[in-house]
Amino acid sequence: MAWRGLHLSEPCRLSLADGQCVVAREDGEVRLALEDIAWIILDTPQATLTTALLAACMEAGIVLIVTDARHHPSGLALPFHRHHRQAEIAALQVALGAGRRRRLWQALARAKLRNQAAVLALCGDRRGAAPLRAMALRVAPGDPDNIEAQAARRYWPRLFPDFVRENAADRRNAMLNYGYAVMRGAVARALVAAGLLPALGLHHASALNPFNLADDLLEPFRPIVDALVWRLADRGEGREGELNRAHRQTLAGVLLEPVRCGHENVTALVASEMAAVSLARAIAAARASALVLPEIEGLP
């Protein structure tokens, strides 16, 4: 099972040799078994890779994330659907009724709010956590009252009292966006492996978004990123300025953050795989209760 990632921020050349990813730099080379790699982030304009390695990454189910000139994630590459029951699962996904889509979204939104509450508790704000947990119980199928947005208006000021989510000058926003992009890539990878169509969402439905379903399933994973960014900001790494390499390397490791999923303690990467498989199962069984989603343990 793939369990590690590569964050490449210095000039290098990537190639394939004997089933391994070879990372060649001026000071030597490193070889990693492709079967161990889940994600690669190309965070430098001076990285090159061979088409043989690119094809091998797609065959191995590795997600490649590319950044722009400002080191912001700008795109990702995923393999074509490789699940042995691809057509069957896709047909069930397409045929999913509106009522069941709304119930699945209800479960995702509730899990997100519970995890936001856990993040506040972990950050020492148990008084702020309690209302969010209560709001999670009020989320109805499809969230017609937009409880998720109401919770966000409570959550962000409690997590970062002086924070404006739209303020591009605040480095915490760049940190959040970087972490979300990495997590989104992992979720999209897991959905493809589970035989699901990432473009066909439950709640997100933009005709221009090829990852609507990934953005749906991403929601309960977002607070994992939030907690990591809070820890960085608490160490004085927030506020103004560009993300440096150390910030980006730390955020690239968000997929190794520990969470609870089902009855297991796993990494966020493994949780994304478990959640995607459970979503395919929930769609096939028409039961939102079949979903297995990550839990941040912040409250007793």
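# Helix H4, salt bridges and the largest pocket

Visitor: In this predicted model, how far apart are the end C-alpha atoms of helix H4, and what span should its residues give?

Guide: Helix H4 runs over residues 126–137 and has 12 residues. At 1.5 Å a residue, these should span 16 Å. The separation of the end C-alpha atoms agrees with this expectation, being 17 Å.

Visitor: Which residues of H4 are buried, and what arc do they cover around the axis?

Guide: The buried residues in H4 are Gly 128, Ala 129, Leu 132, Met 135 and Ala 136. They are placed on the same side of H4 because the arc that they cover around the axis is only 120°. In an α-helix there are 3.6 residues a turn, so residues three or four places apart point the same way. The buried residues are therefore Gly 128, Ala 129, Leu 132, Met 135 and Ala 136, and their arc is 120°.

Visitor: Which residues are exposed on the other side of H4, and which helices are included in what covers its buried residues?

Guide: On the side of H4 opposite the buried residues, the exposed residues are Arg 127 and Leu 137. The cover over the buried residues includes helix H3, residues 98–122, and helix H5, residues 147–159.

Visitor: How many salt bridges does a search of the whole structure find, and how many residues apart in sequence are the parts that Asp 43 and Arg 248 tie together?

Guide: The search of the whole structure gives 15 salt bridges. One of them joins Asp 43 to Arg 248, with the closest N and O atoms 2.4 Å apart. Asp 43 belongs to the loop between strand E5 (37–42) and strand E6 (47–49), and Arg 248 to helix H9 (residues 245–252), so the parts tied together by this pair are separated in sequence by 205 residues.

Visitor: Are Asp 43 and Arg 248 buried or exposed?

Guide: Buried means a relative accessible area under 20%. Asp 43 has a value of 0% and is buried. For Arg 248 the relative accessibility is 5%, and this residue also counts as buried.

Visitor: Where do Asp 162 and Arg 172 lie, and what is the relative accessibility of Arg 172?

Guide: A salt bridge with an N to O distance of 3.2 Å joins the side chains of Asp 162 and Arg 172. Asp 162 is in the loop between H5 and helix H6 (171–193), while Arg 172 is in helix H6, the two being 10 residues apart. Asp 162 is partly exposed at 40% relative accessible area. Arg 172, by contrast, counts as buried, with a relative accessibility of 4%.

Visitor: Which residue forms a salt bridge with Arg 222?

Guide: Arg 222 is partly exposed, its relative accessible area being 21%. Its partner is buried, at 5%. The closest N and O atoms of the pair are 3.4 Å apart, and the partner is Glu 219.

Visitor: Which residues are linked with Glu 10 in a network of salt bridges?

Guide: The network of salt bridges includes two arginines and an aspartate besides Glu 10. These residues are Arg 25, Asp 27 and Arg 245.

Visitor: What is the volume of the largest pocket, and which element gives the most to its lining?

Guide: The largest pocket has a volume of about 390 Å³. Its lining has 26 residues, and those closest to its centre are His 72, Pro 73, Ala 174, Asn 177 and Tyr 178. Strand E8 (73–77) and H6 each provide at least two lining residues. With eight residues, the element that gives the most is H6.

Visitor: Which residues does His 247 contact, leaving aside its neighbours within four places in sequence?

Guide: His 247 is in helix H9. At 3% relative accessibility, this residue counts as buried. Its contacts, with those neighbours left aside, are Arg 171, Met 175, Glu 237 and Glu 242.

Visitor: What distance separates the C-alpha atoms of Arg 102 and Pro 141?

Guide: Arg 102 is in helix H3 and counts as partly exposed at 42% relative accessibility. Leaving aside neighbours within four places in sequence, Arg 102 is in contact with Pro 141 and Gly 142. Arg 102 and Pro 141 are 39 residues apart along the chain, and the distance between their C-alpha atoms is 4.8 Å.

Note on methods:
Residues are numbered from 1 along each chain as its sequence is written. This is a predicted model: local features need pLDDT of at least 70, side-chain atom pairs count only at pLDDT 80 or more; totals for chains, interfaces and linings use all residues. Side-chain values use heavy atoms; hydrogens and water are left out. Helices (H or I, at least four residues) and strands (E, at least two) are DSSP runs, numbered from the N terminus. The expected span of a helix is 1.5 Å times one less than its number of residues. Buried means under 20% relative accessible area, exposed over 50%, partly exposed in between (1.4 Å probe, protein chains only). The arc is that of the directions from the helix axis to the C-beta atoms. Contact means heavy atoms within 4.5 Å. A salt bridge is a side-chain nitrogen of Lys or Arg within 4 Å of a carboxyl oxygen of Asp or Glu. On a 1 Å grid over the protein atoms alone, a cavity is a set of points where a 1.4 Å probe fits but cannot get out, and a pocket is an open set with protein on both sides within 12 Å along at least five of seven lines; lining residues have an atom within 4 Å of a point. Grid points are joined across faces, edges and corners, and a volume is the space filled by probe spheres set on the points.
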